[in-house]
Amino acid sequence: MPLRLEKRAEPSNTMALFSPVIAIALTLLFGAMVFASRGIDPLHGLYVYFLEPLSDEWNLEKLIVKATPLVLMGAGLAVSYRANVWNIGVAGQLQMGALMAGLVPVYFTSWQDPVVMPVMLALGILGGMAWAAIPAFLRVRFNANEILTSLMLVYVADFIFDWLVRGALRDPQGHNFPKTVNFAGWQNLPSWGDIHLGAVLAVIAAAGLAFMLFRMLKGFELRTLGAAPRAGRFAGFSASQSIYFCFLLAGGLAGLAGACDVMGVGHQLQTPYATPVYGFVAIIVAFLGRLNPVGAIVAGLLLALTFLGGEAAQTTLHIPDKIAKVFQGVLLFFVLACDTLVLYRIKWEARK
Amino acid sequence: MEQFYAIAITIVGASTPLLIAALGELVVERSGVLNLGVEGMMIIGAVTGFGAAYVTGNPYVGILAAIFGGMLMSLLFGFLTLTLLANQVATGLAITLLGIGLSALIGENLVGKQITRVPNFQGVDILIVFSFILVGLVSWFLFRTRYGLMVRAVGDNHSSAHAMGFSVIGLRYACVAFGGGCAGLAGGYLSLAQTPQWVENMTAGRGWIALALVVFATWLPQRLLFGAYLFGTISILAFTVQTFGWGIPSQLLSSTPYLVTVVALVLISRNKRLLTANTPACLGQAFVADR
Amino acid sequence: MKKLLISAAVVAMALGGTQAHAAGKLKACWVYLGAIGDMGYTFQHNEGLKQVQKELGDKVETVFVENVPEADAAGPIERLARDGCAIIFTTSFGYMEPTIQVAAKYPKVMFEHATGFKTAPNVSTYNAKFYQDRYVQGVVAAKMSKTGIAGYIVSFPIPEVVMGINSFMLGAQSVNPNFKVKIVWVNTWFDPGKEGDAAKVLFSQGADIITQHTDSAAAITVAEEQKKLGFGQSSDQIKFGPHAQLTAAVDNWGPYYVRRIKQLLDGTYKQAESWDGMAEGTVTLAPFANMPDDVKALAQKTADDIKSGKLEPFTGPITKQDGTTVGEKGKPLPAGDILGMNYYVKGIDDKLPQ
């Protein structure tokens, strides 16, 4: 084989810093090629896609709003994946969080009190946790593969959400359209411009998780169980407990993301809601952030940028929105490929 | 009788793409690799197959192109995970995202176009027949041939397989390519035989079902046949029940296939002996040869 | 007068031409729920956009954003408003709240929301009486069916869909009072595989004619293959069913879009709530095919009567499934009642999901 990888004795710190930069540079290069192939000046294309959305306050606000749920979910997933717990159903957990938070305005429409807001956020967290607890329980109790159960439950959550918003939770004055009443007053999050409280919560959550993961025993336990399950068990760490912990954590944060989304952006429940792809993007965020909760903030902003850039490219360059998905996929590819450089040295060998 | 046949053949049509895609993934996982990109490879197969059939006017060329398209995507996956040792879960997801986006780009000008579909007799086409043969072939290959033994050995313990002189990476590449080809073919089945047209996102989550079926089948091809048909049957019966007008919420009926998959996974997984006997022990683990 | 001034100002602003945009052109923008390649609902809106390009291309620049999720539409809509769009068409019901929100921030931009009910000084609503087509389809189905059963594939129980089912049934009952409709909810606007499977199931349950309120051409493809009959949805799907398609309900948004943009150009634009139908050409039928001449004549007459206003599908009294009636004898139901319809008419063999 002409190409050979040689494991580094120590992960390279230089590469750890540079590999995402290289990955982004390669994605930009790829993007330039795509633009050129469609007859668009590559530099102009890249400017519209990646820089214009950063150019003024309005765009930056949108960027932060878009990144908020991604960071909340990505940070929780970063911890999970470190512990080798593969929750890929955050989209369903988010939806359940949104649903639970929405119960308050639907059933207690006129309840206006500063307490309402934290109650709704708490319900959102509980909703996400409850939905995430199912695959965790099935994994611990019955050894059922959590990748698949958590994913299947995304579809089920969507059907439940749809059924309720079309039925029991429907706005009686809404001409029978599938939406709830509008949230009012304290049922919404305080906001600054478009940016709502969720952004602050996301930053706090990410920082807190990073502290837990790298500075606390719990974090050490999770990382050990992820990297060396056997050693972890010898050390007396419980794998079952960590599975519950990770699912409830990521599920709770996804539920919080859902609650923040409906309380800060949508101000009502409506169906159809999110798609599984939204959850997949959160998974990219976790990886792009190098499975570091603080990294998820940067990664969440970057992925949000690919969404906004996709919109901008549609309106100014008239290119279809599929480009955004292609960019997201390619970006993840390059990130994963470049991560190899952190752990390995690439050697080229002449054939024998 | 006629009514029964019509329902049966509808079930077959719904089950076939799941079966083909899952058979491919089964071989991949037997070799110790977890490729979550089935959905992405399927949708690429659907578009390349349709495109080739449209350009050449020949659905059989379309079938080959679908296999080829899926295979190309899987080799991309292979390069990242096997050569560059990237995380398999994340790479699989990247394949899915890229596949959905890329297929929509490729297919921009194929929307609304028409092709000659894969011919069928009373609803039975060559791919349906082939899917059954494929079950036998995969089973025979895995459990009756030397290469099959090698694949299982690599999936169960790549270090000792390597020590015995097997090319772990080479075998895994071959399995990944086979899985990609199957996924592409399954996608092609949708766009060339089932509903012969190209529309964006037409696989609509079937790749994920195929993945679930592999675990459901505890990595055994015959059980996969059962699982795919169980899923197909439930999906179609959910529609049939609706025509009776019983007023069961359609959301409940639509979610039964997913719920049943979860329940089945639980039932199978709780039997540890059954599971450990067949689960490839090295599933999802990267292999680096020590020199 | 005030609105006229506003629109004049908008035109002046757009004509004034900011450096970023093609000089002198009015910018008209669309927000789509699906992909322009869905061959159904969004495709048809985009055909409307193309007609605007064709007829007013020298004065108008068109822009669209596709695949915009309903829960996340405010951003894309506001982006268009900021980008200098003079008029923005938001084409799905779920865009109602975001449209209203953004419109309040950009009073000089005209917004047009499809199928909703909330308005503002700069938010108009527009919708099409799709159910008129369905009535004609029902008449044809009852005439052509040998088994007396039609299959109906549906997405979600919103009033739009329910009024279509009812209108189809009323049309069919006008020919054959014992006509039956079997209904399958697929819970998606768009999944050709599922839609095709639902069609196969319905045919196996005795239906010999299929119609659907979902977005792909899968059902008609299945009808063609099984030598059954059916109707196209949203667009003319005759090429998918040359021997199967009887006619198709075609959404034709072009005339409406051209009219509104022209009004904006010449300063006669006013906020309005439009609900156009066959008479205005927003709802049309594909040429009748695969039926004998007498059925063709009846279908044509029904269509003409609806067009001229002689026939209104929802004319009271209408008997609901539970036996109660709505509407006054001989009078059409009020628009509000139709737009919020959440009951089946008598004779439909299904329970409406609530």
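**Warm-up.** Which residue stands opposite His213(C) of β8(C)? Val154(C) does. Helices (H or I, at least four residues) and strands (E, at least two) are DSSP runs, numbered from the N terminus.

Before going on, note that this is a predicted model: local features need pLDDT of at least 70, side-chain atom pairs count only at pLDDT 80 or more, and totals for chains, interfaces and linings use all residues. Residues are numbered from 1 along each chain as its sequence is written, while chains are lettered from A and ligands numbered from 1 in the order in which they are written.

**Exercise 1. Work out the surroundings of strand β8 (residues 209-213) of chain C.**

Step 1: start with burial. A residue is buried if 20 or more other C-beta atoms, placed from the backbone, lie within 10 Å of its own; exposed means 12 or fewer, and partly exposed is in between. In β8(C), 5 of the 5 residues are buried, so the strand is largely enclosed by the rest of the structure.

Step 2: sort the side chains. In a regular strand they alternate between the two faces of the sheet. Here Ile209(C), Thr211(C) and His213(C) point one way, and Ile210(C) and Gln212(C) the other way.

Step 3: find the neighbours. Two strands pair if DSSP finds at least two bridges between them. Strand β6 (residues 149-154) of chain C pairs with β8(C) in the parallel sense over 5 bridges. β9(C) also pairs with β8(C) in the parallel sense, over 2 bridges, and Leu229(C) in β9(C) is the bridge partner of Ile209(C).

Step 4: follow the chain. From β8(C), it passes through helix α8 (residues 218-225) of chain C to β9(C), in a right-handed β-α-β crossover. Right-handed means that, with the strands pointing away from the viewer, the path from the first strand over the helix to the second runs clockwise.

**Exercise 2. Check the length of α2(C) and say what covers its buried residues.**

Step 1: the expected span is 1.5 Å times one less than the number of residues. For the 16 residues of α2(C) that gives 22 Å, and the end C-alpha atoms are 23 Å apart, which agrees.

Step 2: the buried residues include Tyr41(C), Phe43(C), Leu49(C) and Val52(C). Their cover includes β1 (26-31), β2 (60-65), β9 (229-234), β10 (245-251) and α9 (254-266) of chain C.

**Exercise 3. Describe how the two domains of chain C meet.**

Step 1: an automatic or database domain assignment gives the bounds. Domain 1 is 2-128 + 252-276, and domain 2 is 130-250 + 314-339. Their C-alpha centres lie 31 Å apart.

Step 2: count the contacts, meaning residues whose C-beta atoms, placed from the backbone, lie within 7 Å. Each domain puts in 12 residues. On the domain 1 side, the largest share, 3 residues, comes from helix α2 (residues 41-56) of chain C.

**Exercise 4. Look at the two sides of chain A that touch chains B and C.**

Step 1: with chain B, 36 residues of chain A are in contact with 39 residues of chain B. The largest share of that side of chain A, 12 residues, comes from α13(A). By class, there are 25 nonpolar, 6 polar and 5 charged residues. Ala, Val, Leu, Ile, Met, Phe, Trp, Tyr, Cys and Pro count as nonpolar, Asp, Glu, Lys and Arg as charged, and the others, Gly among them, as polar.

Step 2: with chain C, 22 residues of chain A are in contact with 26 residues of chain C. α12(A) gives the most to that side of chain A, with 3 residues. The classes there are 7 nonpolar, 10 polar and 5 charged.
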